[in-house]
Amino acid sequence: MTANRPQPRPGVLDIAPYVPGKSSAPGVAKVFKLSSNETPLGPGESTIAAYRAVAENLEDYPDGSASALRQAIGEAFGLDPARIVCGAGSDDLLNLIARAYLTDGDEAIHTTHGFLVYPIATQGTGAKPVAAPETNFTADVDAILKLVTPRTKMVFLANPNNPTGTYIPFDEVKRLQRALPGHALLVLDAAYAEYVRRNDYESGIELVATTDNVVMTRTFSKIYGLAALRLGWMYGPAHVVDAVNRIRGPFNVNAPAIAAGIAAIRDTAHIERSREHNSRWLAWLTEEIGKLGLPVTPSVANFVLIHFPETQGRTAKEADTFLTKRGLILRQVSAYKLPNALRMSVGTEEANRLVVKALAEFLGKTA
Ligand SMILES: Cc1ncc(COP(=O)(O)O)c(C=O)c1O
């Protein structure tokens, strides 16, 4: 009898649960996890020390408003700390934003190969996710605008996007914002902003500061190396900050995360090292994998999307099995409607070279 028991709200059981990247390769001694876009350099020493120091006071609740962390973020980016909200990863904030603004019958637009948390967060509220087609694996502002209806309450845009690594220039983001109705909230997810080296890119800070319907989310999980601690932040107009603060958990960010986040954002030398490492190896991987005859979508983030043929013996799925046996764990992206591709995070020099060598072997070539 299932009728006489608590039922989740309509739509919840239609959600396809998020499946994180694999982290193990059975029977392999040395594993290189390149499946979740973590940094191969890890956090800096001062960040680890700050985290450890909190172990002396685990009995105390954290500061529920994370004020010292918001202050540090404000200093680093030149922002008003009152317009920042911290969360247990940007996932937490994306879900809070969805819960604060979406309800049954609303629509929220994301792009076809956009980050999977958007449709999940949307469906969790009873609203309907609407997928806008992309052009060349890149968000297409006109395609998004075509799908706007009076029911559209939110547009999620990852810029750069995961898992494609592509971005749209700031002019295009501004064009999108200008054409949206005032009641629709534009959520700019800039999880990979720190890696981008393009003059026409802007993470969203300027738009948040000058409009009423834009919010930007950021994470400490990527370049800052704190994915395990779950720490993210958002910057928004005062009225959005107020709404999100009303529904977030009172202690949604833990004390070790606050301490480590403050140290991480101040360790600019470590951030720069991580950025340099990424720029160098992103270019190298794109070129070397391309030379093997596998197209790589040009990426501005810390990962590459590698496309495989559909020929038997050469498919993405078979490549994944081949690499996993060698301890090289990439990410299958069928759930992102990319069944013929694998996503690879930029790793250490050793990992990057091993993947290129293994891919060459897989294709019967010599790297
Ligand atoms: C585009 C994008 N947004 C948000 C996140 C979530 O990051 P967090 O670890 O802060 O929840 C990710 C993580 O992979 C991501 O790729």
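Start by selecting Ala 132 and the residues around it: beyond its neighbours within four places in sequence, Ala 132 is in contact with Ile 109, His 110, Thr 111, Thr 112, Ala 143, Ile 144 and Leu 147. The model on screen is a predicted one. Ala 132 belongs to strand 4. With a relative accessibility of 0%, Ala 132 counts as buried, because the cut-off for that class is under 20%. Now add Thr 152, which is 20 residues from Ala 132 along the chain; the two C-alpha atoms are separated by 13 Å.

**Helix 4**

Select residues 117-124, which make up helix 4. Six of these eight residues are buried, so the helix is largely enclosed by the rest of the structure. The buried ones are Val 117, Tyr 118, Pro 119, Ala 121, Thr 122 and Gln 123. Colour the elements that they pack against: helix 3, strand 3 (107-111), strand 4 (128-132), strand 5 (152-158) and strand 6 (185-189). Past the end of helix 4, stop at Gly 126, where phi is positive, near 95°.

**The loop after strand 4**

Go on to the loop between strand 4 and helix 5 (141-146), and pick Asn 136 there. Most residues other than glycine have a negative phi. Asn 136, which is not a glycine, has a positive phi of about 50°. Its relative accessibility is 65%, so Asn 136 counts as exposed. Phe 137 is in this loop as well, between strand 4 and helix 5. Phe 137 also has a positive phi, of about 60°, and is not a glycine. At 29% relative accessibility, Phe 137 counts as partly exposed.

**Two cis peptide bonds**

Move to the loop between strand 5 and helix 6 (170-179), where Pro 160 is found. Most peptide bonds are trans. The bond from Asn 159 to Pro 160 is cis, with omega near 0°. Pro 163 is also placed in the loop between strand 5 and helix 6. The peptide bond joining Asn 162 and Pro 163 is cis too, with omega about 15°.

**The ligand**

Keep Asn 162 selected, since this residue is one of those surrounding the ligand. Complete the shell with Gly 89, Ser 90, Asp 91, Phe 115, Asp 189, Ala 191, Tyr 192, Thr 219, Ser 221, Lys 222 and Arg 230. By class, the shell has three nonpolar, five polar and four charged residues. Which helix gives the most to this shell? Helix 3 (residues 89-101) does, with three residues.

Next, show distances from polar side-chain atoms to oxygen atoms of the ligand. For Thr 219 the distance is 2.5 Å. For Tyr 192 the distance is 2.7 Å, and for Lys 222 it is 2.9 Å. Taken alone, the ligand exposes 400 Å², of which the protein buries 93%.

**The nonpolar cores**

Select Phe 220. Leaving aside neighbours within four places in sequence, Phe 220 is in contact with Leu 69, Ile 73, Gly 225, Leu 226, Ala 227, Leu 231, Gly 232, Trp 233, Gly 261 and Ile 265. Leu 69, Phe 220 and Trp 233 have the most contacts inside the largest nonpolar core, which has 54 residues. Helix 9 (residues 255-266) gives the most to this core, with six residues. Another core lies apart from it and has 29 residues, among them Phe 32, Leu 34, Leu 292 and Phe 322.

**Ser 274**

Select helix 10 (residues 268-291) and find Ser 274 in it. Ser 274 is buried, with a relative accessible area of 3%. The side chain of Ser 274 reaches the backbone oxygen of His 270 at 2.9 Å. Residues in contact with Ser 274, beyond four places in sequence, are Leu 41, Tyr 195 and Ile 223.

**Val 28**

The last stop is Val 28, in the segment before strand 1 (32-33). Is Val 28 buried or partly exposed? Val 28 is partly exposed, at a relative accessible area of 22%. Not counting residues up to four places away in sequence, Val 28 touches Thr 324, Lys 325, Arg 326 and Gly 327. To finish, label Ala 264, which is 236 residues from Val 28 along the chain; their C-alpha atoms are separated by 33 Å.

Definitions and conventions
Residues numbered from 1 in each chain as written. Predicted model: local features only at pLDDT ≥ 70, side-chain atom pairs only at ≥ 80, totals over all residues. Heavy atoms only, no water. Core = buried A, V, L, I, M, F, W, Y, C linked by side-chain atoms within 4.5 Å. Buried < 20%, exposed > 50% of the residue type's maximum accessible area, 1.4 Å probe, protein only. Helix = DSSP H or I, 4+ residues; strand = E, 2+ residues; numbered from the N terminus. Contact = heavy atoms within 4.5 Å. Near = heavy atom within 4 Å. Polar contact = N/O pair within 3.5 Å; in protein donor to acceptor, adjacent residues only side chain to side chain. Areas by Shrake-Rupley, 256 points an atom, 1.4 Å probe, with all protein chains shown as cover. Nonpolar A, V, L, I, M, F, W, Y, C, P; charged D, E, K, R; others polar.
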